[in-house]
Amino acid sequence: MKRFNEGESVVYDTYGICTVERIEKKSFASGMPLQEYYVLSVMGSPNSTYYVPLNSEKLCSKIRYPLSVQEIHTLLEHSAEIPCEWIENRQMRTDTFREIMQKGVSAELVALIRCMYEKKCLNQNCGKKLSATDETLFNSAQKLLAQEFAFSLGIEENQVNDYIVNFFDGIKR
């Protein structure tokens, strides 16, 4: 199991960029033995702190280093190769896309965003819009990646959506 060090920036589950503040021994219940925990603080939310037990492989597996700029570009370039087909049945589509977002796997999120972006463009060419639910899912998927991409790319979170859209536009040309 990978070990993270104090002061490192990591991504924890779907909570975004966190700093490993410290590794400390703690007991959350009286009479229970001390355990070692990563103490993670969420970037931009100083009051949000997560204690992740080092002996929990399941929880520690949800901690990873942020993507590098090269990894982001590679991910975006190859996103078309990652299957994500438009599901015509609205409820099945919503359930499937929500499941992808809950897993928080960057490659799947990028594929989802690309799939929805292409559908949005197709609809616009026909004078249509995405449904409100699809638009909400599209925006939520973009937001899930925004913090990590902004951190790695050295841009503001509010610039990430445009960055991704411009990147996809460049691929389409």
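Here are some friendly notes on this predicted model, taken point by point.

1. Let's start with the sheet. Five strands make up an open sheet in the order 4-3-2-1-5, and their pairing is antiparallel. Strand 4 (45-53) and strand 5 (63-64) are the edge strands, each with a single partner, so one side of each has no neighbour in the sheet.

2. At the strand 5 edge, the partner to look at is strand 1 (residues 9-12). These two strands run antiparallel and are joined by two bridges. If you want a residue to start from, Val 11 stands opposite Arg 64 of strand 5. Helix 5 (residues 132-153) packs on the sheet, where it touches strand 1, strand 2 (16-26) and strand 5. The direction of helix 5 makes about 90° with that of strand 2.

3. At the other edge, strand 3 and strand 4 also run antiparallel, with six bridges between them. The two strands form a hairpin with two residues between them. Gly 44 sits in that turn and has a positive phi of about 85°. Val 42 stands opposite Ser 45 in strand 4.

4. Now for the aromatic rings, where the count comes to nine pairs. One of them is Tyr 37 with Tyr 51: the ring centres are 6.4 Å apart and the planes stand at 80°, so this pair is edge-to-face. Tyr 37 belongs to strand 3 (residues 35-42) and Tyr 51 to strand 4, so the pair ties together parts that are 14 residues apart in sequence. Their surroundings are worth a look too: Tyr 37 is buried, with a relative accessible area of 8%, whereas Tyr 51 is partly exposed at 31%. Separately, Phe 4, Tyr 38 and Tyr 65 form one aromatic cluster.

5. Helix 5 also packs against other helices, so it deserves its own point; a packed pair is described by the angle and the distance between the two axes. With helix 3 (residues 90-103), the axes come within 11 Å and cross at roughly 10°. That crossing angle makes helix 3 roughly parallel to helix 5. On the helix 3 side, the contact is made by Arg 93, Thr 94, Phe 97, Arg 98 and Met 101. Helix 5 contributes Thr 133, Asp 134, Leu 137, Ser 140, Ala 141 and Leu 144.

6. Helix 2 (residues 69-77) is another helix to view beside helix 5. Their axes come within 9 Å and cross at roughly 130°, which makes helix 2 oblique to helix 5. The helix 2 residues in this contact are Val 69, Ile 72, His 73, Leu 75 and Leu 76. From helix 5 come Phe 149, Ser 152 and Leu 153.

7. A last word on the cysteines: how many disulfides are there in the model? The count comes to zero. For Cys 60, the closest cysteine sulfur is that of Cys 18, 13 Å away, which is too far for a bond. Cys 126 has its closest cysteine sulfur in Cys 121, at 11 Å, again too far for a bond; the cut-off for a disulfide is 2.5 Å between the sulfur atoms. As for their settings, Cys 60 is buried at 6% relative accessibility, while Cys 126 is exposed, with a relative accessible area of 54%.

Notes
Residues numbered from 1 in each chain as written. Predicted model: local features only at pLDDT ≥ 70, side-chain atom pairs only at ≥ 80, totals over all residues. Heavy atoms only, no water. Pairing = 2+ DSSP bridges. Helix = DSSP H or I, 4+ residues; strand = E, 2+ residues; numbered from the N terminus. Contact = heavy atoms within 4.5 Å. Axes fitted to C-alpha atoms, helices over the stretch in contact; angles between N-to-C directions. Buried < 20%, exposed > 50% of the residue type's maximum accessible area, 1.4 Å probe, protein only. Phe/Tyr/Trp six-rings, centres within 6.5 Å; stacked < 30°, edge-to-face > 60°. Parallel < 35°, antiparallel > 145°, perpendicular 65-115°, else oblique.
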